[in-house]
Amino acid sequence: MSHVLHDIEKQIVKELQRGADPYDEPGPDDSTTRLYEEDLSKETKLSMDQIRRGVEWLRQKKLVDVSDSTDNSYSLGKNGLDALKNGLPERRLVNLVKDCPKTFDEIRSSLHGLDFNAAIAHAKKNGWINIEKTDTGSKISLQQEPTQNSDERLISSIGDSSQKIAPQESLKSLMERPDFIIEHEEKRKLVSLTETGKHIDLEKLDSDAIDVEADVPHVHAARIHPLNDTINEIRDTFVHLGFTEITGNLSQSSFWNFDALFTPQDHPARELQDTFYLKSLNAKQLATPTQIKNVSNAHKKGWRYYWDVQEAKKMVLRTHTTCVTIKHLADKKPDEARIFSLGRVFRNEKVSYKHLVEFNQVEGVVVGKHITLRDLMGIQKEFYRKIGLTKVKFWPTFFPYTEPSLQSMVYNEKLGKWIELFGMGIFRPEVTKPLGITKPVLAWGGGIERIAMLKFGLDDVREFYNNNLSWLRTATKCQ
Amino acid sequence: MPVVELNLSRLQKLVGKNTDKKQILDNLPFLGLDIESLGRNVVRVEYSPNRPDYSTDFGIALGLQGILGISKGMPRLKIRTKGNYEIKVDSSTSKIRPFVTGIIARNGSLDDEAVKQIINMQEDLHFGLGRKRKKSSIGIHDLDNISFPLKYTTTSRDHRFVPLNSTKESSISEILHDSEVGRDYGSILGQSSKVPIITDAKGQTISFPPIINASLTTVTTKTKNILVEVTGIDKQSAEDMLSVVVAILQGAGFQFSQLKVSGSRNSTPNFATRTVTFDSGPVNKILGLNISNSVLASCLKKSRLDAVVKSKKIQCTIPRYRFDIFGGMDIVEEVALGYGIDNLKPAWPASVHIGEKNPTSEKLDSTSRLMTGFGFMETLNSTLTSEQTLYEMTNRDSSQIISVASSKSQEHTILRDSILPGLLENLSKNIHETYPQKFFESGIVFSKGSPIKETTNLACVTASEETNFSEMKAILQSLLRIGFSIKCETKALSNHALFSQGRVAEIIINRKTVGYIGELDSKVLENFRIRTKVVGFEIKLSGLIFD
């Protein structure tokens, strides 16, 4: 196998092949050169960041081995530095008694706060002094003129920098004394060439080639929000199926949101706790006088109560897109049509992993003399096929303004279960007749976030509106 | 949707004919019953609010028997008219709760599970059909402690009796003030000094509708005979409610005797069926089927209605408790359910249509494409937001605020009139991510105007140490030029709450101000905990690139 190496990699291999080992430590076999990343950086003049990347690339190509090593180095503490400058306490003690023996008190006052007991103990251990008992108390006298000992050599060899030191008795004993030696632990990476790495001939490598197999960093694209991506896909799919988009306001009168859809004014769905009413705002123009009269009559006949036009004027944030559809149909009265409406809808709910106060809904309707319920099932099945959902079945359900009503169930392979998606049904005559719509109207639709959650593998719907940049940058479609 | 918990082995027994559990579970969805959760022997199902008869396993068993073909057609209802059960209505009730109706059910037995099911039914009826007991409410009593005739009348608020689940007498006022049901439903009676009451021949109080029954008539598992009374402000709704109770109690094995009702505007309930006659043609047409009259009649019977073919027409008889059936389309649904939704095969309509996106969506699409091309990430924020984000943190003028009533969420109380504050919030949530950060959003904003105006705006921000005003102006200019061949100017503005003084301009197109551009004010940024420089603009797209 021939290798294509990046310039950084070449420099690292070259340095390792040069065969210098500053620490002269035996490796697994003696011919292996091992270098720390820091040394590689020093020798090649590459930055540590470049070295780390290069070593990682080489490791993946199995050209180098990397082992972690913990390195201990030592520097002098407060007392150590003092000893470097003025000598160890025991040396200073000996110097005091060199000429004549002195009493404990005399020595204690001359040693300015040094650990007097330790000084005596070490000087005694080294055989430098004698302690004589006299009538005037104990006196310390010189036993023999001391030469420089190993503790002193260690201190001067460390000096005022940090040094690597082979284990020895003096190191151990000085470390037991307070504040003389500080130990530093450093984790480093030791790099060595593998057998393949050793035999790479850098001269023979094609210098113009680049490593086309190497890993590359992730880059982030600016993109359409994942939820809008799904919305666009759904909008396009409706258009492909022959539907034309209509739009309408998010704020609506209760008339179009509820009354026109035969929802009685005392229905629980119309209460404040489910629907957002706009504080002290009433619709100025509701609908045509005929539309109002006919809807009012339908309510009186069907639900037997006093229908109040003031209640119908209250402004709400639309609870479904059906209000847009029904107004369009009431105004245009088409004999044949395929239209759809898509956008935000609102429910006064507690926000949770599965509920939002504001979410997106799509709803399509087919109007036609000859349209059938089976046709609508077929359109819906085709819709699901286009967005990648192939296992679909239908169950009966209930919606207040359609009859019969069905819900579609879609099998999700990843979750291994059937999931309820769009609903469908035929608009009740109690809805269409008062508004002068004479042809059957078949409607279908539902929430979009649910589909987007399947597509992006989310189990918390709030994620769509968190706008978490790391998620926006990396979110991927799973179907 | 309401939920009922069913014991599977009990349901098996009710359905009969050795049905197995799998058969039951497979068929529940085809009655419109969604399985919400499933235990070893317990299943919780969601049922439609228009089918209160499915609030008990008795009602669901009837439906299952139908689609499984075990028992078809309408369950026959027999009511003995003999017997001296009567309730007399005093005209004083007419001002407060004018109607009462009821039935005597005898020789049944109620075990614990049956009592649980009936309580579930009662709660469902009170909530839905009864509109939280306001329109109508039910009382169920042990018949054996009652002497007839009964009297439905009114009494004063100091009237005393022992209420259900209590051993000591209380006054009406105490019940309304001290008990949970009293506090929940007392408002139905308003400030009226007289309240409705049902007493028996001995003068004993048996019920204080719509609040609570008397302890005297408590139903237990030993109860064999019961009295059901329904009171309300709408006669038909009270009788609707009673008809459901009767259908359920029939399923539980009770036999019925009439309760005569007499007095102003009231009458004895008659559980009359309705008959509709129709052609099979329109039914077949809307379903996309071609089934014979006899098959169609059989489908209706599987939906527990009666149907016969008479001179090429279908004659369908609907029991009293199926008041959810309004007209023709409801019959179509019953046919579809009897036929089996699974047997309806999806088809493809012959007509050809050419679909079209709305021009506004098209234009917004190209705006988004350009903005991502300029390197801006799209974010999405709620149009329903909080005063804190929209005004307090941005120091903006809140005099034209549009609020919603009684929001359950503190973060969603007012409609946004600008998009930029939301983008600042997005930056604020991402201060730990790498910079530069560039966001845009297009969407609806609201303003007051007869009664409310909705316009579509576009806003974008760049957050980075190196960014500056001209970078943002370059984006704005290029977007409008490349996307829509529009030339724009920027004109210095003396101050704007969001932006730094001396670094803010109005965006002018055809001599009209359509938005603002500038460097965000450092105090505003501080409020959002943003530590880098931010530039941005917001521009009104409505009236500019679409209507």
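These legends go with a set of close-up views of a predicted model.

**View 1. The whole complex, with the predictor's own scores.** Before zooming in, here is how the predictor rates its work: the complex gets an ipTM of 0.88 and a pTM of 0.77. Chain B comes out with a mean pLDDT of 94, and 100% of its residues reach 70 or more. As a general reminder, where pLDDT is low, the predicted coordinates shouldn't be read in detail.

**View 2. Chain B, split into its domains.** The domain assignment cuts chain B into domain 1 (3-67), domain 2 (79-262), domain 3 (277-340) and domain 4 (359-540). Pick out domain 2 and domain 4 of chain B: their centres, taken over C-alpha atoms, sit 61 Å apart.

**View 3. Where chain B meets chain A.** Here 69 residues of chain B are in contact with 75 residues of chain A. On the chain B side, the elements giving two or more residues include helix 8 (280-287), helix 11 (359-373) and helix 13 (420-429). Strands pitch in too, among them strand 20 (377-378), strand 23 (437-448) and strand 24 (452-463) of chain B. The biggest giver on this side is helix 10 of chain B, with six residues; look for that helix at 328-339. By residue type, the side of chain B that touches chain A breaks down into 27 nonpolar, 28 polar and 14 charged.

**View 4. An open sheet in chain B.** Six strands line up in the order 13-12-11-8-5-16 in this open sheet of chain B, and the pairing is mixed. At the edges are strand 13 (212-213) and strand 16 (260-262) of chain B, each of which pairs on one side only. In general, strands of a sheet pair through backbone hydrogen bonds, either parallel or antiparallel.

**View 5. Strands 11 and 12 of chain B, side by side.** Strand 11 (residues 194-199) and strand 12 (residues 205-208) of chain B run antiparallel, paired over two bridges. To find your place, start at Ile198(B): its bridge partner in strand 12 of chain B is Ser207(B).

**View 6. Met48(A) and its surroundings.** Over in chain A, Met48(A) belongs to helix 3 (residues 48-60). Is Met48(A) buried or exposed? Met48(A) is exposed, because 12 C-beta neighbours lie inside 10 Å and the cut-off for exposed is 12 or fewer. Leaving out residues up to four places away in sequence, Met48(A) touches Glu37(A) and Ser41(A). Glu38(A) is 10 residues from Met48(A) along the chain, and their C-alpha atoms are separated by 6.9 Å.

Technical notes. Residues are numbered from 1 along each chain as its sequence is written. Chains are lettered from A and ligands numbered from 1 in the order in which they are written. This is a predicted model: local features need pLDDT of at least 70, side-chain atom pairs count only at pLDDT 80 or more; totals for chains, interfaces and linings use all residues. Helices (H or I, at least four residues) and strands (E, at least two) are DSSP runs, numbered from the N terminus. A residue is buried if 20 or more other C-beta atoms lie within 10 Å of its own, exposed if 12 or fewer, and partly exposed in between; C-beta atoms are placed from the backbone. Two residues are in contact if their C-beta atoms, placed from the backbone, lie within 7 Å. Domain bounds come from an automatic or database domain assignment. pLDDT is the predictor's confidence in each residue, from 0 to 100. Ala, Val, Leu, Ile, Met, Phe, Trp, Tyr, Cys and Pro count as nonpolar, Asp, Glu, Lys and Arg as charged, and the others, Gly among them, as polar. Two strands pair if DSSP finds at least two bridges between them.
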